[in-house]
Amino acid sequence: MSLNIRVIAPDGLVWDTTADGVVLPSLTGQLGILTGHAPLITSLEIGILRIKVNSKWTPIIVLGGFAVIMNDEIQVLISGVEEVVKEDYAKAKEILAEAKKNLDLAKTTKEIIDASQELKIASAKVKAFKFI
């Protein structure tokens, strides 16, 4: 038995497949989903959504949203998505360093919020490389 997962962003369908397992970046931490999971609706944080297909984990960076789990069906509606490309690790580390610097330099509330969001995305990208 397997899970059916659909990941949908504003610009269209991102992922539609069967999976052995899914890990969602919920607001309260990483949430593992296997077959037979209890029905659930959860908010998603900026982070790494991992999908296990044929014993291989595939990471996707999601930019917030929510997920609905029911009867081995997972519907994930996200605000945006970032692809993780194996060759971009050095660039991702540079972007993370820049995001940290931008947060340190932020002065206004808006600058701090924007820099915090940048840092979350950059951090998720760097962490995602251990899954590819």
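# Notebook: one chain, eight strands and two helices

I started with burial: buried residues make up 33% of the 132 residues in the chain. The model is predicted, and I read every value below as computed from it.

**Overall shape.** I looked up the secondary structure and found two helices and eight strands. From the N terminus the order is β-β-β-β-β-β-β-β-α-α. I then checked the radius of gyration, which is 16 Å, close to the 14 Å that the globule rule gives for 132 residues, so the chain is as compact as a globular protein of that length. The C-alpha trace spans about 50 × 30 × 25 Å along its principal axes.

**Contacts, surface, charge.** I took the contacts between residues at least 6 apart in sequence; 51% of them join residues at least 24 apart. The accessible surface comes to about 7,700 Å², and carbon and sulfur atoms hold 55% of that. I also located the charges: there are 15 positive and 16 negative ones, and their mean positions lie 6 Å apart.

**Strands S3 and S4.** I went through the pairings next. S3 covers residues 21-26 and S4 covers residues 29-33; the two run antiparallel and are joined by five bridges. The connection is a hairpin through two residues. For one position in register I noted valine 23, which stands opposite glycine 32 in S4.

**Strands S3 and S5.** S3 also pairs with S5 (residues 40-53), again antiparallel, through four bridges. Here I noted valine 22, whose bridge partner in S5 is isoleucine 51. S3 therefore has both S4 and S5 as partners, given that two strands pair if DSSP finds at least two bridges between them.

**Strands S5 and S6.** I counted 13 bridges between S5 and S6 (residues 56-70), which run antiparallel. Leucine 40 has isoleucine 69 as its bridge partner in S6. The two strands form a hairpin with two residues between them. In that turn I looked up asparagine 54, which has a positive phi of about 50°.

**Threonine 42.** I picked this residue in strand S5. Its relative accessibility is 14%, and the cut-off for buried is under 20%, so threonine 42 counts as buried. Leaving out residues up to four places away in sequence, threonine 42 touches Leu24, Ser26, Leu31, Gly65, Phe66 and Ala67.

**Alanine 19.** I found this residue in strand S2 (residues 12-19). At 1% relative accessibility, alanine 19 counts as buried. With the close sequence neighbours (up to four places away) left out, alanine 19 touches Ser2, Leu3, Ile5, Ile51, Lys52 and Val53. Ile51 in that list is the residue I had noted as the bridge partner of valine 22. I also took a distance to proline 59, which is 40 residues apart from alanine 19 along the chain; their C-alpha atoms are separated by 13 Å.

**Serine 79.** The last residue I looked up sits in the loop between strand S7 (73-78) and strand S8 (81-82). Beyond residues up to four places away in sequence, serine 79 touches Pro10, Leu63, Gly64 and Gly65. Gly65 also appears among the contacts of threonine 42. For a distance I chose threonine 28, 51 residues apart from serine 79 along the chain, and the C-alpha atoms of the two are separated by 18 Å.

Methods: Residues numbered from 1 in each chain as written. Predicted model: local features only at pLDDT ≥ 70, side-chain atom pairs only at ≥ 80, totals over all residues. Heavy atoms only, no water. Rg over C-alpha atoms; globule rule 2.2 N^0.38 Å. Buried < 20%, exposed > 50% of the residue type's maximum accessible area, 1.4 Å probe, protein only. Contact = heavy atoms within 4.5 Å. Areas by Shrake-Rupley, 256 points an atom, 1.4 Å probe, with all protein chains shown as cover. Lys, Arg positive; Asp, Glu negative; His and termini not counted. Charge placed at Lys NZ, Arg CZ, Asp CG, Glu CD.
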